[in-house]
Amino acid sequence: MKNLLIASTSTVHGSSYLEYILSDLSEFFKDIDEIIFIPYARPGGISHDEYTAVAQKGFATIGKKIIGLHTFSNPVEALKEAKAVFTGGGNTFLLVTQLYKNDVMAVLRARIFEGMHYFGTSAGANITGLTMQTTNDMPIIYPPSFKTLGAVPFNINPHYLDPDTKSTHKGETRETRIKEFHTINTQPVIGLREGSWLEVKDERIYLRGTLQARIFEQGKEPYEIASGSEVKF
C-alpha cells in the first residue's frame, strides 16, 4: 500500500515555501506528528541543519515536527522506525549519492512499499521514478547508480518548461532532451509543471494541481493529461 505525494517544486512563484500545497499536506499527514526530513540534496550548498530549518518552518504552520535524517547516528534504523519522510529538492546527483553512501536507498524503498507516507519535491520527486536520468540538475558528483526508488513505473522531469516561442535561445528544450533520453531508454517520462504533483495511493496515481502534465512515451508523440486524470501506462 503506497502513499506518496510527488511534487514538482517546493515553492511556486509569488508564494512561500510549500504554501501552495499545505492544505493537501495537512490532510496527507493528518495522523502523523513527526516527519523525518532528508536534506541530502542541499540546494545552493547550504548545510543539512540550515535546510532542515527551512523545512521545519514550512511544516510548522500545519503543526508538524521535522527531524533531519542527518541527526541520527543510524539513519537506516531511523527510517525503519519512521512514520513519514519528506525529501526536499536541490541537486539530484548529490541526493542519490548520499542515499547510497548512507545505505538508505533500499530501506527507503522498502518502507514506501510498506505504506509509509512519503512526500518529495524536485530532487525528492525525481528519486521516486525508475531512474534519476531525467533530472535537470548539474552532475556535480558521480553517484554509484542512476537507479532510484522505483516507487512509480516511470521517470519524472520536475520543473517542466514549455518552449518559449518568443525566445531567441537556440539550445535544446526540455522536450528535446526527453526525446534524446527515449532514443536509448524505454520508460515513460512525466513532465511536471510548477505547482503540480502526483498523488499515489497504492497502485493508482493521479495528477493534482491546476495545470496539465506532459507525457512522453518512446515512439509516440508527447501528449497532455489534465489535472485530476489518472496516470496509466
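Which residues on the other side of helix α2 are exposed? They are D49 and K57, and the first two views below show the helix they belong to. Keep in mind that everything here comes from a predicted model.

**View 1. Helix α2 from end to end.** This close-up follows α2 through residues 48-60, which makes 13 residues in the helix. At 1.5 Å a residue, a helix like that should span 18 Å, and the C-alpha atoms at its ends are indeed 18 Å apart, so the two values agree.

**View 2. The two sides of α2.** Here we look at what α2 hides and what it shows. Y51, T52, A55, G58 and F59 are its buried residues. Seen down the helix axis, these buried residues fall within an arc of 120 degrees, so they line one face of α2. Some background helps here: an α-helix has 3.6 residues a turn, so residues three or four places apart point the same way. The buried residues of α2 have several packing partners: α1 (22-28), plus the strands β2 (34-38), β3 (65-68), β4 (84-87) and β5 (117-121). Over on the other side, D49 and K57 are exposed.

**View 3. Y40, tucked into a loop.** Y40 sits in the loop that runs between β2 and α2. With a relative accessible area of just 3%, Y40 counts as buried, because the cut-off for that is under 20%. Leaving out residues up to four places away in sequence, Y40 touches H48, L69, P75, L94, L95, Q98, L99, N102 and V104. T71 is 31 residues from Y40 along the chain, and the C-alpha atoms of the two are separated by 12 Å.

**View 4. An open sheet of four strands.** Follow the strands in the order β6-β7-β10-β11 and you have crossed this open sheet, whose pairing is mixed. At its edges are β6 (155-157) and β11 (223-225), each pairing on one side only. On average, neighbouring strands in the sheet are turned by 30 degrees against each other, direction ignored. Zoom in on β10 (residues 213-216) and β11, and you find an antiparallel pair with three bridges. Look for I215, which stands opposite Y223 in β11.

**View 5. N185, another loop residue.** N185 lies in the loop between α7 (174-181) and β7 (189-191). Is N185 buried or exposed? Its relative accessible area is 18%, so N185 is buried, the cut-off being under 20%. Setting aside neighbours within four places in sequence, N185 is in contact with Q133 and Q218.

Terms used: Residues are numbered from 1 along each chain as its sequence is written. This is a predicted model: local features need pLDDT of at least 70, side-chain atom pairs count only at pLDDT 80 or more; totals for chains, interfaces and linings use all residues. Side-chain values use heavy atoms; hydrogens and water are left out. The expected span of a helix is 1.5 Å times one less than its number of residues. Buried means under 20% relative accessible area, exposed over 50%, partly exposed in between (1.4 Å probe, protein chains only). The arc is that of the directions from the helix axis to the C-beta atoms. Contact means heavy atoms within 4.5 Å. Two strands pair if DSSP finds at least two bridges between them. Axes are lines fitted to C-alpha atoms, for helices over the stretch in contact, and angles run from 0 to 180 degrees between N-to-C directions.
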